[in-house]
2 protein chains.
Amino acid sequence: MKRGGVVHGARLAYETWGTLAPGRDNAILILTGLSPSAHAASNAEDPAPGWWQAMLGAGKPIDTDRWFVICVNTLGSCKGSTGPASINPQTGETYRLDFPELSLEDAANAAHELVAGLGIDRLACLIGNSMGGMTALAYLSLHAGSARSHISISTAPQAQPFAIAIRSLQREAIRLDPNWNLGRYDDEHYPEAGMSIARKLGVITYRSAMEWSGRFARIRLDSEQRDDEPFSAEFQIESYLDNHARRFVRSFDPNSYLFLSRASDWFDIAEHGHGRAADALARIDVERALVVGVSTDILFPLSQQEEIAEGLRKAGAEVEFVALDSPQGHDAFLVDIEGFGGAIAPFLGRL
Amino acid sequence: MKRGGVVHGARLAYETWGTLAPGRDNAILILTGLSPSAHAASNAEDPAPGWWQAMLGAGKPIDTDRWFVICVNTLGSCKGSTGPASINPQTGETYRLDFPELSLEDAANAAHELVAGLGIDRLACLIGNSMGGMTALAYLSLHAGSARSHISISTAPQAQPFAIAIRSLQREAIRLDPNWNLGRYDDEHYPEAGMSIARKLGVITYRSAMEWSGRFARIRLDSEQRDDEPFSAEFQIESYLDNHARRFVRSFDPNSYLFLSRASDWFDIAEHGHGRAADALARIDVERALVVGVSTDILFPLSQQEEIAEGLRKAGAEVEFVALDSPQGHDAFLVDIEGFGGAIAPFLGRL
């Protein structure tokens, strides 16, 4: 691992769609945000809709009739890949805080191993969203020539203080929950309150004020939707956050969350360019790149997407930069399929 | 109280600067944001600097050589005015959650009583910042002709869902702290963790990403500034938030915080205009108004300042609208004295 330590017998969960061409030159790898699993879309083994269902499939913007698509669950996550919630084979105990300090470079190297293991020398395209976009920049920096093209979506060349502040506070909410207990929780004593606050803060920063003003305005809950607790939810926006938190709290491992969140703060492409982000980007070797961002994204602002586009351009890539006005903020890539698909489909079509 | 209940023997803490003219026509009232006290600036009784020290004084933008300035601590606060931390004279016990449901209209009526008690029929100017700006709109709606002019700063005609979401999460952090104990905490069992999260979330949303990128970038703490707790602060931005939280946590009553925060969510000027915000604003009777907002304010966005300016213009006031590009976000009125003072001084000068 970049910062020391070893994970013995690490496993990565991944899913694939489409067929690898005989020349092994039609592979696309998708690196995800902090919380999604490898299940980006339904497939034969799991027909449930995935987190990028509308983007990925036959005839969709990432067309699985043409491309062999791989999506990997990040190293350190809890959706099948090895992470803090896994058993350490050397001790027989769950890693918890004994998991080595995880960096996005480690996640990138693990994903690169997976691709190599599938017999693919060079990806047709590496796609990264959000945290996965940072992981993708690490991947391209560490493995020159590993992808012909790159799609960078709503991400950052380095974590900036506003995003660090948000993530630090999310981690603090978990750490301050007495049930976190330095990572030694179980199903009965589980840091539910901390996870709920962390998730709500996530949802608040993943969306945009503009979208919510249109969608929720000041609509109040019906009386039967309210409870009698003092200061409890009274507006629809509060119940929307409650529902998001309820779905997340028990489905994502709190320690994994802490490790991945901190890895995002640590990420700085400048470490691959002698301290200069622009120099690091200028060393990335792809033929073409598409960089997409959203004007309402407060967590990964458009200026950071411009920085990536400019850097890759200086690296000699043919770069297309698309700034979308989607109202959905950082999460727009999950929902504004018209906007994102409208940029991704022609880019892939021209490869 | 607007929503029912009575506060017997309520008191308001206030401070004044300058001299009331014989005609009692030079009074300015300042209504504050959620947390400040009435101590806006140093004065004879308390020489310590106040929260608007650079704005208020002899020869300053709010010139106390000319104006008799009053600043009031909001009803429901804990800085001298009656609120949830006060003793209920009818029971001899601290109100805590038995304090009546507080609205900003109640706070406005209390402030209006204070002004009347000082023998002032009509203010020369009513100034409101942030939550105090909403209180000021309530004041002007409830008391026609109570002010010749109005300065509205970084506020909202109604709470929008993004701001409600942030405040709801701040309240939840306090409520989920086991030491909050439905409002029955004491100095030994105090909801420190919840208050810390609430304050940090406040500071994050009061400032702007742009300011922090310039100020903190990715600067790390020195090793002696760090502690050994897992996932503890590592970047300067995190320690900046820690310091803010540490100063606040024990100096503001958690129950007061909950009541004032909820009152802000409830505020909707439309309630004074048969359900239409524009109609309510159009009924406000001031001769002149200055509306100031900041482009980097994510909590009270510029669009809401424009809505106030437009509404007051329709009410027949001569309105000056100033959009500042201060990098400091919502808090800019506390620190960008050049920008805010540069708008306030000439406005008051022309009165």
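These exercises work through a predicted model with chains A and B.

## Exercise 1. The sheet of chain A

Determine the strand order of the sheet in chain A, and find its edges.

Solution.

Step 1. List the strands. Seven of them form an open sheet, in the order S1-S5-S2-S8-S9-S10-S11. The pairing is mixed.

Step 2. Find the edges. S1 and strand S11 (318-324) of chain A each have a single partner strand, so one side of each is left without a neighbour in the sheet.

Step 3. Take the twist. Ignoring direction, neighbouring strands are turned by 15° against each other on average.

Step 4. Check the pairing at each end. Strand S1 (residues 14-17) of chain A runs antiparallel to S5(A), with four bridges between them. A:Tyr14 has A:Val72 as its bridge partner in S5(A). Towards the other edge, strand S10 (residues 288-294) of chain A pairs with S11(A) in the parallel sense, over seven bridges. There A:Arg288 stands opposite A:Glu318 in S11(A).

Step 5. Add a helix. Helix H11 (residues 337-349) of chain A packs on the sheet and touches S8, S9, S10 and S11 of chain A. Its direction makes about 175° with that of S10(A).

## Exercise 2. Strands S2 and S5 of chain A

Establish how S2(A) is paired and which way its residues point. Then do the pointing analysis for S5(A).

Solution.

Step 1. Start with the partners of S2(A). Strand S5 (residues 68-72) of chain A runs parallel to S2(A) and is joined to it by five bridges. Strand S8 (residues 123-129) of chain A is also parallel to S2(A), with four bridges.

Step 2. Place individual residues. A:Ile28 has A:Val69 as its bridge partner in S5(A) and A:Cys125 as its bridge partner in S8(A). A:Leu31 stands opposite A:Val72 in S5(A).

Step 3. Test burial. Strand S2 (residues 27-31) of chain A is mostly covered, with five of its five residues buried. S5(A) is likewise mostly covered: five of its five residues are buried.

Step 4. Split the residues by direction. From S2(A), A:Ala27, A:Leu29 and A:Leu31 point one way, while A:Ile28 and A:Ile30 point the other way. From S5(A), A:Phe68, A:Ile70 and A:Val72 point one way, and A:Val69 and A:Cys71 the other way.

Step 5. Look at the packing of one residue. Beyond its neighbours within four places in sequence, A:Val69 is in contact with A:Thr16, A:Trp17, A:Gly18, A:Ile28, A:Ile30, A:Leu56, A:Ile62 and A:Thr64.

Step 6. Place these strands in the core. The largest nonpolar core has 219 residues. A:Ile28, A:Leu29, A:Val69, B:Ile28, B:Leu29 and B:Val69 touch the most other members. In soluble globular proteins, nonpolar side chains tend to be buried together.

## Exercise 3. The sheet of chain B and its helices

Which helices lie across strands of chain B, and at what angles do they run?

Solution.

Step 1. Set out the sheet. Seven strands of chain B form an open sheet with mixed pairing, in the order S1-S5-S2-S8-S9-S10-S11. Strand S1 (14-17) and strand S11 (318-324) of chain B stand at the edges. The twist averages 15° from one strand to the next.

Step 2. Check one pair. Strand S2 (residues 27-31) and strand S8 (residues 125-129) of chain B are parallel, with four bridges. B:Leu29 stands opposite B:Leu126 in S8(B).

Step 3. Lay on the helices. Helix H1 (residues 104-117) of chain B lies across S1, S2 and strand S5 (68-72), at about 155° to S2(B). Helix H2 (residues 131-142) of chain B lies across S2, S8 and strand S9 (149-153), at about 145° to S8(B).

Step 4. Set chain A beside this. Helix H2 (residues 131-142) of chain A lies across S2, S8 and strand S9 (147-153) of chain A, at about 140° to S8(A).

## Exercise 4. The contact between the chains

Describe the side of chain A that touches chain B, and identify the symmetry.

Solution.

Step 1. Count. The contact takes 38 residues from chain A and 38 residues from chain B.

Step 2. Assign elements. Those giving two or more residues to the chain A side are H3 (161-176), H4 (192-206), H5 (209-215), H6 (236-249) and H7 (254-266). The largest share, twelve residues, comes from H3(A).

Step 3. Sort by class. The chain A side has 26 nonpolar, four polar and eight charged residues.

Step 4. Superpose. A turn of 180° and a shift of 0.0 Å along the axis lay chain A on chain B, with an RMSD of 0.0 Å. That is the relation of a two-fold axis.

Step 5. Compare the surfaces. 100% of the interface residues of chain A are also interface residues in chain B, so the copies meet through the same surface.

Methods. Residues are numbered from 1 along each chain as its sequence is written. Chains are lettered from A and ligands numbered from 1 in the order in which they are written. This is a predicted model: local features need pLDDT of at least 70, side-chain atom pairs count only at pLDDT 80 or more; totals for chains, interfaces and linings use all residues. A residue is buried if 20 or more other C-beta atoms lie within 10 Å of its own, exposed if 12 or fewer, and partly exposed in between; C-beta atoms are placed from the backbone. Two strands pair if DSSP finds at least two bridges between them. Axes are lines fitted to C-alpha atoms, for helices over the stretch in contact, and angles run from 0 to 180 degrees between N-to-C directions. Two residues are in contact if their C-beta atoms, placed from the backbone, lie within 7 Å. Ala, Val, Leu, Ile, Met, Phe, Trp, Tyr, Cys and Pro count as nonpolar, Asp, Glu, Lys and Arg as charged, and the others, Gly among them, as polar. A nonpolar core is a set of buried Ala, Val, Leu, Ile, Met, Phe, Trp, Tyr and Cys residues joined through C-beta atoms within 7 Å. Copies are superposed by least squares on the C-alpha atoms of residues with pLDDT of at least 70 in both.
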